Amino acid sequence: MALARGYAATDASKPLQPFTFERREPREDDVVISIKYSGICHSDIHQARNEWGNSKFPMVPGHEIAGIVTAVGSKVSKFKVGDRVGVGCFVDSCTTCASRDLDLEQYMPGLVVTYNGVEADGKTPTQGGYSDHIVVKEGYVLSIPENLPFEATAPLLCAGITLYSPLRNWGAGPGKKIAVVGMGGLGHMGVKLAHAMGADVTVLSQSLSKQEDGLKLGADHYYATSDAKTFETLAGTFDLILCTVSAEIDWNAYLGLLKVDGTLVLLGIPEKPVPVHAFSLVPSRRSIAGSMIGSIKETQEMLDFCGEHNIVSEIELIRMDQVNEAYERVLKSDVRYRFVIDMATL
Ligand code: NAP
Ligand code: ZN
C-alpha cells in the first residue's frame, strides 16, 4: 500500500479538508498516475453533499483526471512512464458481460465508479482525483493527445464525453439543429463539440449574460429562457435538445421546441420526477431520453476528436485550498466554464 494525499468530504455538511489514505500497490495490469489536474464537476458537489442519498464518507471526489504515468505493471502494454493520460468516471466494470463487446459498459451493473464506489472486491472504497496519485487498471486509462494544453483537458474526461456520446448517438452533424440547455461545464463542451461536428447549435441559457462567450465557442444562436418569447420563436425547431440542467424546469415547454421525431435528452438529473404531458410527445412523435457519460472506447474517440479539432474546456485554474469556494461559485453558475484544480498546490 502507498499513502496518498488528497482532499475529502468527511460528511455532507462539512467543507472538504486535507485527507490521507491508502492506494493499492500496482498489480500487473495497473497504471500508476501522478495527478496533475483535476476538474470540478457538478456531480462532485451533489455527492460530497449527499444530494443523491448514496454518499460514502470519507470521500475524495474527482472524476476528471489528467496526469502522468509514473509506473506500470508487468503486463501493461498500452502505456509507459511519462505518458499523458486521463481517467474519467469509472475505473472498472463487469468485463464478462456481453455489453462490454458493445462498448456500453457505463450502463452495466458491474460498473466501478472512480469515487464514492467500491472496487470489484466488493469492499474497498474508491477514491477520486482530488489527490496526488491514483492506481487504475490499464483498460480504464485514456491517452490524452499531445497537442492539447494539458490542464484544460481534464474536463474532457466527464463533461466532454457526457456531451460527445449523445451527440454521436443522435447523429449530430450538418443539417441538424441542436440546442444545449444550460451553458455551464457540460453545456459549453456541448457547444464546442456540436459545432465541430458541423451541426447548427443554439444555446438556451437562463439569461443573455454569457451570449458573447457562447457565440465565440461556436454557437450559431443564443436565447434566454427567462424570456417567454423564446419558446414561441423556437417552437418546433430542434432535432435534438441536450439538457444539462439538474433543476426543475418546464419540461413541456422545452419539448415544444422539438421537431417531429425530435428528442430531448436529459443529462442533468433533477431530484424530482419529470412531469411530461402526453400532448407534448404524441402529436409530433417526440421522445424523451437520458444518457450517461460514455464507454472507454467512445471516450478515447472523443479525446482523439478533440485532438484533431483542438478542442479543450474553458477553465479557471485554482489551488487545492480554493475548492470549497469553487463549489459555492459553481452553485451560483459563476464559473467560466470549469474549475480545474492544479494538483501541484496540494
Ligand atoms: P454546471 O457547471 O453547474 O452547469 C449547469 C448549468 O445549468 C448552469 O451553468 C446554468 O446554465 C444551468 N442552470 C443552473 N441552475 C438552473 C436552474 N435553476 N434553471 C435553469 N438552468 C439552470 O454543472 P455541470 O457540471 O455542467 O453538470 C450539470 C448536471 O449534469 C449536474 O446535475 C451533474 O450532476 C450532471 N452530470 C450528468 C452526467 C451524465 O453522465 N449524465 C455527467 C456529468 C454531470 P445557464 O447559466 O446557462 O442557464
Ligand atoms: Zn462529472
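Asn 50 sits in the loop between α1 and β4, and in this predicted model its backbone has a positive phi of about 55 degrees although the residue is not a glycine. Most residues other than glycine have a negative phi, and most peptide bonds are trans. With a relative accessibility of 29%, Asn 50 counts as partly exposed, because that class takes in the values between the 20% limit for buried residues and the 50% limit for exposed ones. The loop between α1, residues 42-48, and β4, residues 65-72, also holds Pro 58, and the peptide bond that leads from Phe 57 into Pro 58 is cis, with omega near -5 degrees.

Similar backbone features can be followed further along the chain. Asp 103, which is found in the loop between α2 (99-102) and β7 (112-113), has a phi near 55 degrees, again a positive value in a residue other than glycine, and at 21% relative accessibility Asp 103 counts as partly exposed. A cis peptide bond also joins Arg 336 to Tyr 337, here with omega near -15 degrees, and Tyr 337 belongs to the loop between α10 (323-331) and β17 (338-342).

From the backbone, the path leads to the metal site. The zinc ion, ligand 2, is coordinated by the SG atom of Cys 41, the NE2 atom of His 63 and the SG atom of Cys 158, at 2.0 to 2.3 Å. Read along the chain, the donors of this zinc ion follow the spacing C-x21-H-x94-C. Cys 41 lies in the loop between β3 (30-39) and α1, whereas Cys 158 lies in the loop between β9 (142-143) and α3 (159-169), so the two cysteines tie together parts that are 117 residues apart in sequence. Are these two cysteines buried or exposed? Cys 41 counts as buried, with a relative accessibility of 2%, and Cys 158 likewise counts as buried, at 5%.

The other bound molecule to consider is ligand 1. Of the 28 residues around ligand 1, those that come nearest are His 42, Met 183, Ser 205, Lys 210 and Arg 338. Lys 210 also takes part in a polar contact, in which an N or O atom of its side chain is 2.8 Å from an oxygen atom of ligand 1. An oxygen atom of ligand 1 is likewise 2.9 Å from an N or O atom in the side chain of Gln 206, while a nitrogen atom of ligand 1 is 2.9 Å from a polar backbone atom of Leu 267. Taken alone, ligand 1 exposes 920 Å², and the protein buries 86% of that area. The elements that give two or more residues to the shell around ligand 1 are α1 and α4 (185-196), and the largest share, three residues, comes from α1. By type, the residues of this shell divide into twelve nonpolar, 14 polar and two charged.

A last stop is Gln 300, a residue of helix α9, which covers residues 296-309. Gln 300 is buried, with a relative accessible area of 19%, because the limit for that class is under 20%. When residues up to four places away in sequence are not counted, Gln 300 touches Leu 142 and Ser 143.

Conventions
Residues are numbered from 1 along each chain as its sequence is written. Chains are lettered from A and ligands numbered from 1 in the order in which they are written. This is a predicted model: local features need pLDDT of at least 70, side-chain atom pairs count only at pLDDT 80 or more; totals for chains, interfaces and linings use all residues. Side-chain values use heavy atoms; hydrogens and water are left out. Helices (H or I, at least four residues) and strands (E, at least two) are DSSP runs, numbered from the N terminus. Buried means under 20% relative accessible area, exposed over 50%, partly exposed in between (1.4 Å probe, protein chains only). Donors are N, O and S atoms within 2.8 Å of the metal (3.2 Å for Na, K and Ca); water is not among the atoms, so sites may look incomplete. A residue is near a molecule or strand if one of its heavy atoms lies within 4 Å of it. A polar contact is a pair of N or O atoms within 3.5 Å; within protein, one must be able to donate a hydrogen and the other to accept it, and residues adjacent in sequence count only if both atoms are side-chain atoms. Accessible areas come from the Shrake-Rupley method with a 1.4 Å probe; for residues, only the protein chains shown count as cover. Ala, Val, Leu, Ile, Met, Phe, Trp, Tyr, Cys and Pro count as nonpolar, Asp, Glu, Lys and Arg as charged, and the others, Gly among them, as polar. Contact means heavy atoms within 4.5 Å.
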